[in-house]
Amino acid sequence: MDLELLQRLLRPYLEQIDFDWEDLPGDEGKRREAIFDLFAKADMRFPAKLQFALFNISTLSTDAGARIIQEIATEAGVDILARHRADGSDADLRFTPRFMALVAWLDHRAIFERALSAAAFLAHSTKLERDADREDVDPRHHEAGVQEAFAEAVRRHFASRYNGHYCDVRWFEEEDLIRVLILHGSKPETKNVDQEGAEDTLKFREIIQSTIEYDPRRGSVSVGSRSPADAKKLVKLFGDYVLGDGDIFEASAKEQLYTLSPLQRQGAAFKFHFDAEEDISHVALREVRVDEAQITTTGRLRRSPWFLTLGDSQNALKRLKDVAADLDIADLRIVHAKIDVTIEVEGSDIVVPVTIRPPRTVSMRDHSHERLILEMLEDNGIRIRRRLGQVAAAAE
């Protein structure tokens, strides 16, 4: 970490944390050791505002966080690194994600706050997905009182469920997406803590983040939440207040959203197809899990007495054929598939691991390129879109 920036961050709190910056050793290595020791022994003397700053800065001190900061700064026409460039070059080894997050916090707080909100939409590896049962529904979030009424309904839900008193609803529009970030309390927790050498208890309510993303073009909603029950409630409230129909997503809750039947049909010959002109440059089928489970006539799952999970750097189904030649993929159930999607970002490749688990779940640690990946899955018949026939049937 750049020591000059760190000093600027700590300067308002030095007296409270009993730390004399001017008394640090002249040798840089020893200075850094003394600062490291300060944080290693950090306790309740660190004021809440400093802890708040450190936590939020660490949240954006990742490659994804740095990309978000850069994108928002570029959109705002701001070069956050301008004053720190020695020769006008971007090739400065100091410009790590931590450096960028700290600079944004200290000098460009509005950009930092927008980036922090944007990062919340990447936090949930698995999201609840639903499709509207009809097309051409105009969102009403710009009508007078709609956002306020939705926020109040959300607040009442979380207050009744967790008895919490904090709920902040923030709206964002990006390209053709409507995004809603909800910060709310959770169930109270009590922990044993070391309070200045004595055992004590601390009771607190963690502030957690739930997210809603609605694509009017596709009529689809995606909700990230720690609780499945909260996610389903948010879908219903969004449909009710923003789309005028609380049941608009109900039909898709019972339908299959993801399928691995293309892998089932083609076996080792299966390959992912994608537009060479898009940002995706490669997709590897890294892992499959198979068993002999079956769906009975009553719709229940008859469990398999065995399962086999097999991995490969490029095509796990081909590896399965090589390792277990006696197994016929047509007679098996593919429980899940894991893929590595390589995406070109500003001249360099990043790999996004994705897990597909039918009938309704896809997981990815990095949602920065979620829409691109989901469109690729649709093009390969793995993500099922509700067609006009289905929509008409649901309406009847």
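Strands β1 (residues 128-131) and β7 run antiparallel to each other and pair over four bridges. This is a predicted model, so read what follows with that in mind. Besides the β7 pairings, we'll look at a cavity, some aromatic pairs and two charges that sit over rings.

**Strand β7 and its partners**
- On the β1 side, Leu128 has Val223 of β7 as its bridge partner.
- β7 also pairs with strand β6 (residues 208-215), again antiparallel, this time through five bridges.
- One contact on that side is Thr211, whose bridge partner in β7 is Gly224.
- β6 and β7 form a hairpin with four residues between the strands, and Gly219 there has a positive phi near 65°.
- How enclosed is β7 (residues 220-224)? Five of its five residues are buried, so the strand is largely enclosed by the rest of the structure.
- Ser220, Ser222 and Gly224 point one way from β7, while Val221 and Val223 point the other way; all of them are buried.

**The second largest cavity**
- Searching the whole structure turns up two cavities of 30 Å³ or more.
- The second largest holds about 40 Å³ of space.
- Which residues line it? They are Lys127, Glu129, Ser222, Val362, Met364, His367, Glu370 and Leu374.
- β14 (361-364) and α11 (370-379) each contribute at least two residues to that lining.
- Sorted by class, the lining has three nonpolar, two polar and three charged residues.
- Ser222 ties this back to the strand story: it is a lining residue here and also one of the buried β7 residues.

**Aromatic pairs**
- The structure has eleven aromatic pairs.
- Take Phe158 and Tyr162: their ring centres are 6.2 Å apart and their planes sit at 10°, so this pair is stacked.
- Both of these residues belong to helix α7 (residues 146-162), where they are four residues apart, about one turn of the helix.
- Phe158 counts as buried at 3% relative accessibility, and Tyr162 does too at 9%.
- Phe270 and Phe272 have ring centres 4.9 Å apart and planes at 85°, so theirs is an edge-to-face pair.
- Phe270 has 4% relative accessibility and counts as buried; Phe272, at 10%, also counts as buried.
- Phe150, Trp171, Tyr214, Phe238 and Phe249 make up one aromatic cluster.

**Charges over rings**
- Arg109 lies over the face of Trp105, 3.7 Å from the ring centre.
- Arg179 has its charged end over the ring of Phe121, at 5.1 Å from the centre.

Notes: Residues numbered from 1 in each chain as written. Predicted model: local features only at pLDDT ≥ 70, side-chain atom pairs only at ≥ 80, totals over all residues. Heavy atoms only, no water. 1 Å grid on protein atoms, 1.4 Å probe; cavity = no way out; pocket = protein on both sides within 12 Å on 5 of 7 lines; lining within 4 Å. Points joined across faces, edges and corners; volume = space filled by probe spheres on them. Nonpolar A, V, L, I, M, F, W, Y, C, P; charged D, E, K, R; others polar. Buried < 20%, exposed > 50% of the residue type's maximum accessible area, 1.4 Å probe, protein only. Pairing = 2+ DSSP bridges. Phe/Tyr/Trp six-rings, centres within 6.5 Å; stacked < 30°, edge-to-face > 60°. Lys NZ or Arg CZ within 6 Å of the ring centre and 35° of its normal.
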